[in-house]
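Me: Can you walk me through this one? I'd like to start with a helix.

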Amino acid sequence: MDGCEGTAATDCPASACRRPRRVAGVRLRAGAGWPALLTALYGLAAVVATWPLAARAGDGVVSPIDPVDGVWRVGWAQQALLHRPWALFDAPVFYPFPHAYLFDELLFGSALLTLPLRLVTANPVLLYNLAVLANLVLSALAMFALARRLGAGRVGAFAAGLIYAFAPLHLAHIGHLGLLASGWFPLAILLLDRLFATPRWRDALALAAVLALQALSAQYYALYLVPVVGGFVALRTAQLARRRRFPGPAVWGRLLAAGALAALPVLPFALGYRQVQGDYAVARTIAQNAHYSANVLSFFTADGQNLVWGRVTAPLRAYGTYTFERNMFPGLVALLLAAVGLAVAWRRPLAQYLALLALGSAILALGPHLYLTADPKSQVFAYLPYRWLYYHAPGVSSMRVPARIGVLFLLGVAGLAALGLDALLRRARAWRPPRARALAGLVAAVAIGAIALESLNAPFTFHSLPTGDRLPAVYTWLAAQPPGVVLELPLVIPDHDRELTINNRFEYFGLYHHHRLINGSANVVPKGYRALYEEWRRGPTARALAIAQGLGVAYVVVHADLLDADRAAFAPAAFRAFGDQATPVATFGPDAVYQVRPAGRFAELRALIPRDATVYLSRADPAGTGAYAAMLGRVLRGNRLYTRLRVAYDVDYAGTPTPGAAYDYAVLYRGEDPAAAGFAGATVVWQDDVVRVYRRGG
């Protein structure tokens, strides 16, 4: 039943039915050198398609935004795995918020993939770029294996690997390591097909590993496993039932075992993301989903970086606001070959699955509404299936870019294209001998060459990232200091390119100095971080410094070259006014470091209020940020805190104040009437320039 499961013998050419039986044994019969040769060819293709990545692998990235964040995500995960695996989620950014590693895309699978290379190098930029190349090669090899399982010959399977790994649709995401890590999908499908044919425990265990690695490589891909696996199981069951052949207990037992084993390493991440989503109300609006959805023209557009189709499809990209995320074009040759493959092999169960996978993912990539172009006025239909999923399927509302499911469209096209090229080669070999062999060779060369040509890009522009001895001197100095919390100025919200670039570099340099960092870069930005931004955006003030002291900041690094001229000039004088509370300790060109002295008054407040006392925190902050009361809430963590304040620093408030309830202490801003909070006649037991603390009962 290998290769043509559930299919009558007359529905499948004998040659096609025999080929998949060779898949598991390709390495044995083709010789030990064949896998190495195949890997080398795909590796060469990866180097050419991403040039000059290989030449800049140790010190450059294709963008100062997402790839720099990716370098940090891979680097931190590997540091945590090697030294403190229990602290993986609590990355040292966005201090003091927990689970900061889960504030954005998950690249843990790529961190695992390149972890053995840490024995050779600790250069995080090199490891990241090697992960990019490794994922492209893995995607190609996995697609080759699936195409062979499907019944394609080696040439057709090789073409499928090129299409899946290097098509314009895929390479447009060269800056998104998570989206390049799609090589586990074809292996999952291959192993599912094997399990239904001959249920073996080794395949079940391999499937569990593949599913886990795919889920841990990207959040989007974790969700996409649901239609990939669920769709395969449902369709294969229906295909077999149509012939009155039903999967036995051995199949279901191994499938359940594979699913359960895959869930074990994934579950902590899923629960962590669920907690982050709940704590920080993470959700994308339906309008954001519509903006990042594909449209009808998207299936015919490639990014401008593509040498063949970039300029040709430029007029189609001109409608509305352009984003490369929408491009769905897999290449003209791939589409034509896929059409041929579907025409000749539509009776094969696995071909049927790939066709439905491509169709279904294309529909979902269109998002909640159907648009002809990127122009919002081109809407022709408002209720596509993705809209229902957005409102009803868990996790979908947290995804911003429906078009990213196009990777499954590409997978289906690549698999069918392998069968299409295989059919053309069979026709060529059936031509008049002795010219048949030459004709088949010509067809293969033209097809492979055309696929490769369609994948070529103009050389990517690379941005340097200092490593090793080339680090900015301020970070080398920080690395030699005792552990402490670092705040870097400017403190910015990571929501635009400049701000993302700044914060991503701060995170990246944290891989070298190893201090906890107030700054951070992610899609999830806690309200408390935004409050700190509001406090510091006007520059160093006594109140902003006090909040930093209360949060345990030990060093403030001021990057004058990143501040506007007025703030850069204001900062030194402002810090001098703080006296011994913040003293300059090092200067490196435009970078100045101030050491922050802990505020003794906060320690006094902590000692003053018993741990079993209840505390009312005011939200009537005259500055409007709520950061000061939230900071004092952190100082008093361990007490039951009651407030309507929405800002918190790793503190769980006990609840909102109840009218008429008698709390032991109240933290009120100066100028507030204590009677309004139920503390008329209460004694002031502690105060500073911002708040007063009242104790009930004198």
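Me: What should helix H17 span, and what do its ends show?
Reply: H17 covers residues 332–345. At 1.5 Å a residue, its 14 residues should span 20 Å (1.5 Å times one less than the number of residues). Its end C-alpha atoms are 20 Å apart, which agrees. Helices here are DSSP runs of H or I, at least four residues, and strands are runs of E, at least two, numbered from the N terminus.

Me: Is this a predicted model or not, and how are residues numbered?
Reply: This is a predicted model: local features need pLDDT of at least 70, side-chain atom pairs count only at pLDDT 80 or more, and totals for chains, interfaces and linings use all residues. Residues are numbered from 1 along each chain as its sequence is written, and side-chain values use heavy atoms, with hydrogens and water left out.

Me: Which residues of H17 are buried?
Reply: Val 333, Ala 334, Leu 337, Ala 338, Gly 341 and Ala 345. Buried means under 20% relative accessible area, exposed over 50%, partly exposed in between (1.4 Å probe, protein chains only).

Me: And what sits on the face turned away?
Reply: The exposed residues Leu 336 and Ala 343.

Me: New topic. Where is Arg 244?
Reply: Arg 244 lies in the loop between helix H12 (219–242) and helix H13 (249–279). Its phi is positive, about 60°, although Arg 244 is not a glycine. Most residues other than glycine have a negative phi.

Me: Buried or exposed, that Arg 244?
Reply: Arg 244 counts as exposed, at 75% relative accessibility.

Me: Which peptide bond into Pro 96 is cis?
Reply: The one from Tyr 95, with omega near 5°.
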